[in-house]
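These are my notebook entries on one protein chain. I wrote them in the order in which I looked things up.

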Amino acid sequence: MIREVPLGVYVPGTTLLHRASPAAKFLALIVFIVAVTILPSQPWHTAAALAAVMFLYGLARIPWRIALRQFAPVLPLLLILGLYLWWQNGAHSAATTTLGLVATLAAANLFTLTTGMEELLEALEKTLAPLDRVGVPVETISLAIALTIRLIPLMFATVGEVLDARKARGAGFSLAAFGTPVVIRSIKRARDIGEALMARGAAD
């Protein structure tokens, strides 16, 4: 069973990264993801980006065991993607793209490992507050961003639960039998969240 899912763990601390503004960290994460996606043309470019993120992990004093467990659920997917890119475009392109994905995922994990969701939501509302004067629904946008980040680990948890259930029954792998319960559970969760938000007046 997956006990620690990507983007689903917060490690309290007093390091520089923990104390940094959540809004600034979120903006830096977006810039980093865009830069790593667009700029690198050589494997060592994305390798350097990954090394920089690993340095920040050390600076934030994140236990390596927790950091590695954050990657466990996505490693098979990254491996399959890397092999596919190798087959399609060669080792050079595969290494550049795969290392870039690892670097961006590591950065996203570091963000959630050092930032509480309540802190992020409050920071987003403060940052976007000036837009409220021109009619922009700041609270709704902030809530949507926070929910999106929160639903990512819940989706991984759902996948883990379905895989565990199939393993306990001794069932073999079937894409339809695997995907159907994941989709049904995800829709049910989204509906429950929507009803809860409506009950609290979020739709007003």
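**Entry 1: Val11.** I began with a single residue in this predicted model. Is Val11 buried or exposed? I found a relative accessibility of 13% for Val11, so this residue counts as buried, the cut-off being under 20%. I located Val11 in the segment before α1, a helix that covers residues 16-19. I then asked which residues Val11 is in contact with, leaving aside its neighbours within four places in sequence. I noted His18, Ile62, Pro63, Ile66 and Leu113.

**Entry 2: Arg61.** From Val11 I went on to Arg61, which is 50 residues apart from Val11 in sequence. In space, I read 9.3 Å between the C-alpha atoms of Val11 and Arg61. Where is Arg61 found? I placed Arg61 in the loop between α3 (43-59) and α4 (64-71). I recorded a positive phi of about 60° for Arg61, although this residue is not a glycine. The relative accessible area of Arg61 is 67%, and because the cut-off for exposed is over 50%, I entered Arg61 as exposed.

**Entry 3: The chain as a whole.** I next looked up the secondary structure and found 9 helices and 0 strands. From the N terminus on, I wrote the elements as α-α-α-α-α-α-α-α-α. How many of the 204 residues count as buried? I noted 31%. For the accessible surface I recorded about 12,600 Å², with 69% of it belonging to carbon and sulfur atoms. I also looked at contacts between residues at least 6 apart in sequence, and 74% of these join residues at least 24 apart.

**Entry 4: Helices α2 and α6.** Two packed helices are described by the angle between their axes and the distance between the axes. At what angle do α2 and α6 pack? I found an angle of about 175°, with the axes 10 Å apart. An angle over 145 degrees counts as roughly antiparallel, and I therefore entered α2 and α6 as roughly antiparallel to each other. On the α2 side, I listed Pro22, Lys25, Phe26, Leu29, Phe32, Ile33 and Val36 as making the contact. On the α6 side, I listed Gly100, Ala103, Thr104, Ala107, Ala108 and Phe111. I divided the residues of this contact into 10 nonpolar, 2 polar and 1 charged.

**Entry 5: Phe26 and Phe111.** I looked up aromatic pairs and found that the structure holds 3 of them. A pair of aromatic rings is described by the distance of the centres and the angle of the planes. For the rings of Phe26 and Phe111, I read 5.8 Å between the centres and 50° between the planes, so I entered the pair as tilted. Phe26 lies in helix α2 and Phe111 in helix α6 (residues 91-113), so this pair ties together parts that are 85 residues apart in sequence. I then checked both residues for burial. Phe26 has 19% relative accessibility and counts as buried. Phe111 is buried as well, with a relative accessible area of 5%.

**Entry 6: Helices α2 and α7.** I compared helix α2 (residues 22-38) with helix α7 (residues 117-128) and found an angle of about 85°, with their axes 8 Å apart. That makes α2 roughly perpendicular to α7, because angles of 65 to 115 degrees count as such. Which residues of α2 meet α7? I noted Pro22, Ala23 and Phe26 in α2, which meet Glu119, Leu120, Ala123, Leu124 and Thr127 in α7. I divided the residues of the contact of α2 with α7 into 6 nonpolar, 1 polar and 1 charged.

**Entry 7: Thr115.** I turned to the loop between α6 and α7, where Thr115 has its place. At 1% relative accessibility, I entered Thr115 as buried. Not counting residues up to four places away in sequence, I found that Thr115 touches Tyr10, Pro22, Lys25 and Leu120. I also looked up Pro12, which is 103 residues apart from Thr115 along the chain, and found their C-alpha atoms separated by 8.3 Å.

**Entry 8: Ala20.** I ended in the loop between α1 and α2, where Ala20 lies. At 27% relative accessibility, Ala20 counts as partly exposed. I read a C-alpha to C-alpha distance of 9.2 Å between Ala20 and Thr114, which are 94 residues apart in sequence.

Methods: Residues numbered from 1 in each chain as written. Predicted model: local features only at pLDDT ≥ 70, side-chain atom pairs only at ≥ 80, totals over all residues. Heavy atoms only, no water. Axes fitted to C-alpha atoms, helices over the stretch in contact; angles between N-to-C directions. Helix = DSSP H or I, 4+ residues; strand = E, 2+ residues; numbered from the N terminus. Parallel < 35°, antiparallel > 145°, perpendicular 65-115°, else oblique. Contact = heavy atoms within 4.5 Å. Nonpolar A, V, L, I, M, F, W, Y, C, P; charged D, E, K, R; others polar. Buried < 20%, exposed > 50% of the residue type's maximum accessible area, 1.4 Å probe, protein only. Areas by Shrake-Rupley, 256 points an atom, 1.4 Å probe, with all protein chains shown as cover. Phe/Tyr/Trp six-rings, centres within 6.5 Å; stacked < 30°, edge-to-face > 60°.
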